[in-house]
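Please walk through this structure with me, starting from how burial is judged and moving from single residues to whole chains and back again.

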Amino acid sequence: MIELISDSRCTGCDICVKICPTNVFDPGDGEAPTIARQQDCQTCFMCEAYCPADALYVAPESSHSVPVDEHELSAAGRLGEYRVLLGWGPGRTSNSERDTAHLLRTLPGPFRR
Amino acid sequence: MSLELSCDVLVLGGGPAACWAAWSAASAGARVIVADKGYLGASGSAAASGNGVLAVPPDERAAVIAQRSDVGRGLVDTLWLERMLETTWRSLPLIEEWGYAFPKQDGKPVRNSYYGPEYLRVLRKRLLRSGVQILDQSPALELLVSEDGAVAGARGLRRQAHTYYEVRAGAVVLATGGCAFLSKALGSNVNTGDAFLMAVEAGAELSGMEFSSQYGISSALNATATRGVPYAWATFYDAQGHSLGGFMENRREDWFLPKALLQGPVYAKLDRATAEVRAVIEKSHFIAFLPLRKAGIDPYTQLFPVTLVLEGTVRGAGGVRIVTDDCGATIPGLYAAGDAATRELIAGAATGGGGPNAAWAISSGQWAGAGAAKFARGLGPQANTRSVKPAGRVGLDGREHAAGCFDSDVIIGAVQAEMFPLEKNYYRNEPGLTRSLVQLDAAWSELQRQPNVENTREIERSRTAAFLTASARWAYRASLRRRETRSLNRRTDFPQTDPAQCHYQATGGLDEIWTRSEPVRSLQPTAATQAHARVHEAR
């Protein structure tokens with residue numbers, strides 16, 4: 001579930017408010033948005049993908065809240081990780097070109113389509 | 001103040017099917033509005049992940065049609081499958097034209113899968129360029145119906161403006177996805193069966209609701225990222241550390257994992273993945289690895305618990321019954337596309353996951369959009385001056401109510417308690433279904449009370465409780481009537497497939513649910529399947 005909006009990174013753009021499929025955030029009036037309805041978070045990571053400031057962290061646990069430490073997450077490269085995977089953000093190009101799904105059927109067993 | 005708009009075609013939903021429907025209608029010259037529950041681009045099960053697309057070149061189609069027909073256990077309509085393959089094949093280059101970069105092999109693009117977030121980003125951009133008006137964060141609550149029984153718009157909630165909207169339209173396309181009962185299966189919590197209840201309240205029918213028991217494997221700590229492919233290289237273990245073998249190795253019967261999970265916790269390790277395999281699956285199914293990486297688990301060397309998460313009809317097959325080539329429902333002015341529509345026509349009784357559903361979204365979206373545009377045009381300029389009534393009955397404010405208020409969370413919990421457990425939904429039988437239906441009917445009675453309308457979230461949640469309860473009741477009534485096992489309808493009391501029950505089941509009704517058999521229509525072989533038959537005979 002969504003666990004962190006980093007005050008130091010957040011620019012107050014409210015993109016996460018706008019794009020969250022389950023309407024978890026409330027706008028922060030120029031400040032960081034608030035996680036207003038954490039229980040509605042479905043752990044889809046889309047807010048991480050859309051955050052231009054790499055300010056959000058969605059923990060993998062989908063059924064309960066877990067404590068997180070911003071400095072640890074930041075040091076471990078966890079903030080903005082999904083954007084790196086997608087190739088989204090300034091200076092990056094979409095990684096959709098690196099999709100390997102078509103190679104699955106060429107792999108040596110056990111996978112068979 | 002509520003927002004009032006009008007257009008030719010209103011599309012409800014915001015995933016691939018909604019996008020293709022809106023684009024198609026706009027291309028036919030219609031004024032189009034799309035209203036999505038979340039944000040068109042980020043919401044739904046496709047945006048949150050990635051999908052294979054059943055993209056088949058012409059010379060391979062006969063074989064694919066034969067294979068899919070076999071998997072669909074007699075309920076695939078070969079004509080529909082054939083036209084879907086053709087439409088999808090012709091449409092995929094458009095996505096590239098609009099800015100999506102497919103991978104290349106030998107210098108040529110390979111267009112048979114997509115990264116969800118990027119695909120939907122490109123589709124949104126394309127819609128805005130086509131002049132389509134998008135209402136984000138605007139879940140539809142109910143359809144509007146004209147005096148002559150045609151669907152003429154919808155009413156919904158602008159949940160961030162804390163007000164309602166009403167869109168008058170010549171025709172409506174339902175593309176709100178299937179129903180996964182708020183299981184959190186990747187991105188699917190917006191897919192709560194909204195189209196099913198909205199359609200039935202307006203007078204339409206459903207089909208194939210018994211094929212609603214699809215589950216997907218995920219790590220248990222995350223219980224969200226339901227992507228099965230990496231697990232093909234897993235070894236499974238029980239709590240005592242005894243190997244349960246691999247998913248493959250003649251053990252990949254569908255029931256291997258559910259059976260093991262009913263006996264206790266199951267753990268997995270992707271220890272059969274070689275370096276070559278890892279390099280591929282980490283890029284094709286990155287979303288399955290992301291939660292594990294975040295949790296600090298190395299899935300190749302460490303055991304982690306796994307579970308099955310209900311995907312319901314999202315990757316099942318049931319939905320709004322369509323009776324015309326342009327995906328028209330059984331009432332005028334209403335069309336259905338993507339997972340909101342029945343996918344029996346192209347997937348039969350089996351899951352449409354792994355390619356067919358993504359192709360169906362592209363094709364059915366375009367057919368529904370074009371059909372809706374044509375219907376709206378036929379109505380002429382007076383289309384949006386028709387006198388209309390809201391069709392919604394249950395879980396909405398301002399209707400006739402029994403005394404007292406209902407608690408949405410209690411009802412949703414009660415529905416999930418009947419739909420999530422493997423022993424109730426994966427394995428079905430008459431006593432179990434009957435017991436579940438007693439609970440679900442009780443939830444339906446409870447929904448006749450006043451909803452909580454304290455704020456926008458509660459208004460939406462109340463209606464969602466009704467969407468989920470209705471979907472569950474249709475699913476289990478339809479399953480009860482299908483006294484056989486046919487792919488996703490697994491009946492422990494009728495383990496065999498009965499040739500006499502090789503038909504569709506239409507269903508509908510609100511307080512009283514009905515079911516009816518419908519024949520599989522176009523089984524006459526087409527040119528492609530005839531060619532395939534000749535190949536077979538020659539062998």
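A residue is called buried here if 20 or more other C-beta atoms lie within 10 Å of its own, the C-beta atoms being placed from the backbone. The model is a predicted one, and every value below is computed from it.

With that cut-off in hand, Ala223(B) can be placed: it has 22 C-beta neighbours inside 10 Å and therefore counts as buried. Ala223(B) sits in the loop between strand 12 (214-219) and strand 13 (235-238) of chain B. Leaving aside residues up to four places away in sequence, Ala223(B) touches Lys184(B), Ser218(B), Thr307(B) and Val309(B) in its own chain, and Ser62(A) and Ser63(A) in chain A. One of these partners, Thr307(B), is 84 residues away from Ala223(B) in sequence, yet the two C-alpha atoms are 6.8 Å apart in space.

The contacts of Ala223(B) with chain A lead to the contact between the two chains, which takes 37 residues from chain A and 49 residues from chain B. On the side of chain A that touches chain B, the elements giving two or more residues are helix 1 (15-19), helix 2 (46-50) and helix 4 (81-86) of chain A. By class, that side of chain A has 19 nonpolar, 11 polar and seven charged residues.

Chain A itself has four helices and four strands, and from the N terminus on its elements run β-α-β-β-α-β-α-α. Its C-alpha atoms fill a box of roughly 55 × 35 × 30 Å along the principal axes, and buried residues make up 40% of its 113 residues. Among the contacts in chain A between residues at least 6 apart in sequence, 52% join residues at least 24 apart. The loop between strand 3 (34-35) and helix 2 of chain A holds Thr43(A), and Phe45(A) lies in that loop between strand 3 and helix 2 as well. Thr43(A) has a positive phi of about 60° although it is not a glycine, and Phe45(A), also a residue other than glycine, has a positive phi near 70°. Thr43(A) counts as buried because it has 24 C-beta neighbours inside 10 Å, and Phe45(A) is buried with 28 other C-beta atoms within 10 Å.

Chain B has 15 helices and 23 strands, and its C-alpha atoms fill a box of roughly 65 × 55 × 50 Å along the principal axes. A compact globule of 539 residues would have a radius of gyration near 24 Å, so the 22 Å of chain B agrees with that expectation. Of the 539 residues of chain B, 58% count as buried, and residues 24 or more positions apart account for 76% of the contacts in chain B with a separation of 6 or more.

In soluble globular proteins, nonpolar side chains tend to be buried together. The largest nonpolar core here has 205 residues, of which Val9(B), Ala22(B), Val34(B), Val173(B), Leu174(B), Val320(B) and Ala336(B) touch the most other members. Beyond residues up to four places away in sequence, Ala22(B) touches Val11(B), Val32(B), Val34(B), Leu127(B), Val132(B) and Gly369(B).

Two of those partners, Val32(B) and Val34(B), are on one side of strand 2 (residues 32-35) of chain B, with Ile33(B) and Ala35(B) on the other; these residues are all buried, and both faces of the strand are covered. Strand 2 pairs in the parallel sense with strand 1 (residues 3-12) of chain B over four bridges, and Leu12(B) stands opposite Ala35(B) in strand 2. Between these two strands of chain B the chain passes through helix 1 (residues 16-27) of chain B, forming a right-handed β-α-β crossover. Strand 2 of chain B also pairs in the parallel sense with strand 7 (residues 133-135) of chain B, over three bridges, where Val34(B) stands opposite Ile134(B).

A last stop is helix 8 (residues 286-294) of chain B, where seven of the nine residues are buried, so the helix is largely enclosed by the rest of the structure. The buried residues of helix 8 are Phe286(B), Ile287(B), Ala288(B), Phe289(B), Pro291(B), Leu292(B) and Lys294(B). Their cover includes helix 4 of chain A together with strand 3 (50-52), strand 12, helix 7 (275-284) and strand 16 (304-312) of chain B. Just after helix 8 of chain B, Gly296(B) takes a positive phi of about 75°.

Methods. Residues are numbered from 1 along each chain as its sequence is written. Chains are lettered from A and ligands numbered from 1 in the order in which they are written. This is a predicted model: local features need pLDDT of at least 70, side-chain atom pairs count only at pLDDT 80 or more; totals for chains, interfaces and linings use all residues. The radius of gyration is taken over C-alpha atoms; the globule rule is 2.2 Å times the number of residues to the power 0.38. A residue is buried if 20 or more other C-beta atoms lie within 10 Å of its own, exposed if 12 or fewer, and partly exposed in between; C-beta atoms are placed from the backbone. Two residues are in contact if their C-beta atoms, placed from the backbone, lie within 7 Å. A nonpolar core is a set of buried Ala, Val, Leu, Ile, Met, Phe, Trp, Tyr and Cys residues joined through C-beta atoms within 7 Å. Ala, Val, Leu, Ile, Met, Phe, Trp, Tyr, Cys and Pro count as nonpolar, Asp, Glu, Lys and Arg as charged, and the others, Gly among them, as polar. Two strands pair if DSSP finds at least two bridges between them. A crossover is right-handed if, with the strands pointing away from the viewer, the path from the first strand over the helix to the second runs clockwise.
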